[in-house]
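Dear colleague,

I am handing over the structure below, and after it you will find notes on what turned up when its aromatic side chains and its surface were examined. Please keep it open while you read, so that you can look up each residue as it is named.

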Amino acid sequence: MSIPRKGSVQRNKIKDLLMTRAGILLGIMFMAAVPWLFPGLDRDAAAQSTPGKWAVGVRGGAAFFHQDVTEDLSGKTGPIIGGDVLYRFTDIFSLGLDVEWERHNFEVLGLDAGYSTTVSIIPFVQIHPVGTKAILPYASLGVGLNVNA
């Protein structure tokens, strides 16, 4: 068993930082391209903005480990899967529930230490102050629970 040198820990942190920035940049690029990739979204957005309607969202991707516990512990990028259900009561007010699952593998002193799984359950309120047919800005506030294993 060998203990990683300080330089290798620093290189791993730089690599994780670059991966996080690359993921954010790809996400922004995808969101900017969505209107051209899916031209019918204005009809979907109008349906979601109608009072008395339900909206369901599903998402997935890479979850980046973003906490430093100690220098000897490092986490790997893992999968994340989530979704939400939302009910639109009025033109302005909605209630919803968000559920998310993510998993990270860990290393301690360069050795595999297992994995951690987190499930988040977050009820939330959304306020939609203004909107057009295709663009629906909102403010959201939620308080929830994380269950870690």
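F89 is partly exposed in this predicted model, because its relative accessible area is 42%, a value that lies between the 20% under which a residue counts as buried and the 50% over which it counts as exposed. The ring of F89 also pairs with that of F93: their centres are 5.8 Å apart and their planes stand at 35°, so this pair is described as tilted.

F93 itself belongs to strand β4, which covers residues 93-108, and with a relative accessibility of 30% F93 is likewise counted as partly exposed.

How many aromatic pairs does the structure hold? There are three aromatic pairs. In the one formed by Y87 and F89, the ring centres lie 4.8 Å apart and the planes meet at 75°, so the pair is edge-to-face. Y87 is partly exposed too, since its relative accessibility comes to 22%. Taken together, ring pairs join W54, Y87, F89 and F93 into a cluster.

Two of these names return when one turns to the surface, where F89 and F93, along with I92, L95 and I127, make a nonpolar patch of about 410 Å².

Finally, there is a contact between a charge and a ring that you may wish to find on your own screen: the charged end of R103 sits over the ring of Y115, at 3.4 Å from the centre of that ring.

With kind regards

Methods. Residues numbered from 1 in each chain as written. Predicted model: local features only at pLDDT ≥ 70, side-chain atom pairs only at ≥ 80, totals over all residues. Heavy atoms only, no water. Patch = residues over 30% accessible without salt bridge, like charges linked within 9 Å, V, L, I, M, F, W, Y side chains within 5 Å. Areas by Shrake-Rupley, 256 points an atom, 1.4 Å probe, with all protein chains shown as cover. Salt bridge = Lys/Arg side-chain N within 4 Å of Asp/Glu carboxyl O. Helix = DSSP H or I, 4+ residues; strand = E, 2+ residues; numbered from the N terminus. Phe/Tyr/Trp six-rings, centres within 6.5 Å; stacked < 30°, edge-to-face > 60°. Buried < 20%, exposed > 50% of the residue type's maximum accessible area, 1.4 Å probe, protein only. Lys NZ or Arg CZ within 6 Å of the ring centre and 35° of its normal.
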